[in-house]
Amino acid sequence: MSEQALRLGTRRSKLAMAQSGQVADAVRQVTGRPVELVEITTYGDTSRENLAQIGGTGVFVTALRDALLAGDIDFAVHSLKDLPTGQPEALALAAVPLREDPRDVLVARDGLIFEQLPNGARIGTGSPRRMAQLNAYARNHGMTIETVAIRGNVDTRIGYVHKGELDAVVLAAAGLSRLGRIEEVTDFLSVDTVLPAPGQGALAIECAADNADLIAALGELDDPLTRAAVTAERSLLAALEAGCSAPVGALADLLADGQIVKEMRLRGVVGTTDGSTLVQLSTTGPVPETYDQAMALGRELAAEMLAKGAAGLMGERAQ
């Protein structure tokens, strides 16, 4: 009798299927068990509303978590930046694999980089975080740009550029890389220009908290440094009390001396979407060795940002 297949819950989008397929291969290797993909439609996939309006937080995650809790699937793969900051007690974050490139990228007409865009260039993004930082950068460098709210999958977004409706769109490098489309990027945006979303480029593998054997098996895929970095970033986001629809960017990176990683630097930004006001700070400390240390790093930076006026920049928070 063959061993029962592990059921991996995934969103149906091309990107979700690509990243879930990669995780499925890795899980087959560490467990020796077959893995089948179970496609689940989430509210975020079917709703035509603007993500900022439907609250961002959890719209791509809830249906997958419900399926886990109901026992319809054994584990789920999420883009970590879609995960609400509160972790349900019945579910375990079993693994955070090695992170892909966390940067945002530009796909522009005629192969242009950001600095070459013409005055008045129309740049599409559904993210207030990207809008705030792109507008601030343009403002500080004497450029005029117009950020245009868009949503849809990667094909839809890049299609706006090909059809001439927009001069450029901003996407996550990791998504294009997982789809095998990184060659379409015309400019990799430096994190000094645009800080990514907390957790961007990382995946979260979640399963039932009482399934110790599966947690142990999936744990083989965990990358401790990635986990420490995204924990610090998400702690900052939680302490700013911001859902992922708020314009918060965060990135924790490792500062190495030769081959030895010495410290972790956490950078955070929050701003108004027009880019007129940004609060951007960073802190550096020893690489966190525990969950609590990583959480503390995020909370400390959030407290400094709030003291510098970050709270007033996030607008009305949806209750």
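Tutor: The chain's secondary structure comes to 9 helices and 13 strands; helices (H or I, at least four residues) and strands (E, at least two) are DSSP runs, numbered from the N terminus. This is a predicted model in which local features need pLDDT of at least 70 and side-chain atom pairs count only at pLDDT 80 or more, while totals for chains, interfaces and linings use all residues. Residues are numbered from 1 along each chain as its sequence is written, and side-chain values use heavy atoms, with hydrogens and water left out.

Student: How do you know that the span of helix H1 agrees with 1.5 Å a residue?

Tutor: The expected span is 1.5 Å times one less than the number of residues. For the 18 residues of H1 (residues 14-31) this gives 26 Å, and the end C-alpha atoms are 25 Å apart, so the two agree. After H1 comes Gly 32, with a positive phi near 70 degrees.

Student: Which residues of H1 are buried, and what makes them lie on the same side of the helix?

Tutor: Ala 16, Gln 19, Ser 20, Val 23, Ala 24 and Val 27 are buried, meaning under 20% relative accessible area (exposed is over 50%, partly exposed in between; 1.4 Å probe, protein chains only). They cover an arc of only 150 degrees around the axis, which places them on the same side of H1; the arc is taken from the directions from the helix axis to the C-beta atoms. On the other side, Lys 14 and Gln 29 are exposed. The elements against which the buried residues pack include strand S1 (6-10), strand S2 (35-39) and helix H7 (212-218).

Student: Why is Ala 202 counted as buried?

Tutor: Its relative accessibility is 3%, so Ala 202 falls under the cut-off and counts as buried. Ala 202 lies in the loop between strand S9 (187-188) and S10. Leaving aside neighbours within four places in sequence, the residues in contact with Ala 202 (heavy atoms within 4.5 Å) include His 78, Val 96, Arg 178 and Val 230.

Student: What makes helices H8 and H9 oblique to each other?

Tutor: The axes of H8 (residues 224-239) and H9 (residues 291-307) cross at roughly 40 degrees and come within 7 Å. Angles under 35 degrees count as roughly parallel, over 145 as roughly antiparallel, 65 to 115 as roughly perpendicular and the rest as oblique. H8 and H9 are therefore oblique. Among the residues making the contact are Ala 228 and Leu 236 of H8, and Tyr 291 and Met 305 of H9.

Terms used. Axes fitted to C-alpha atoms, helices over the stretch in contact; angles between N-to-C directions.
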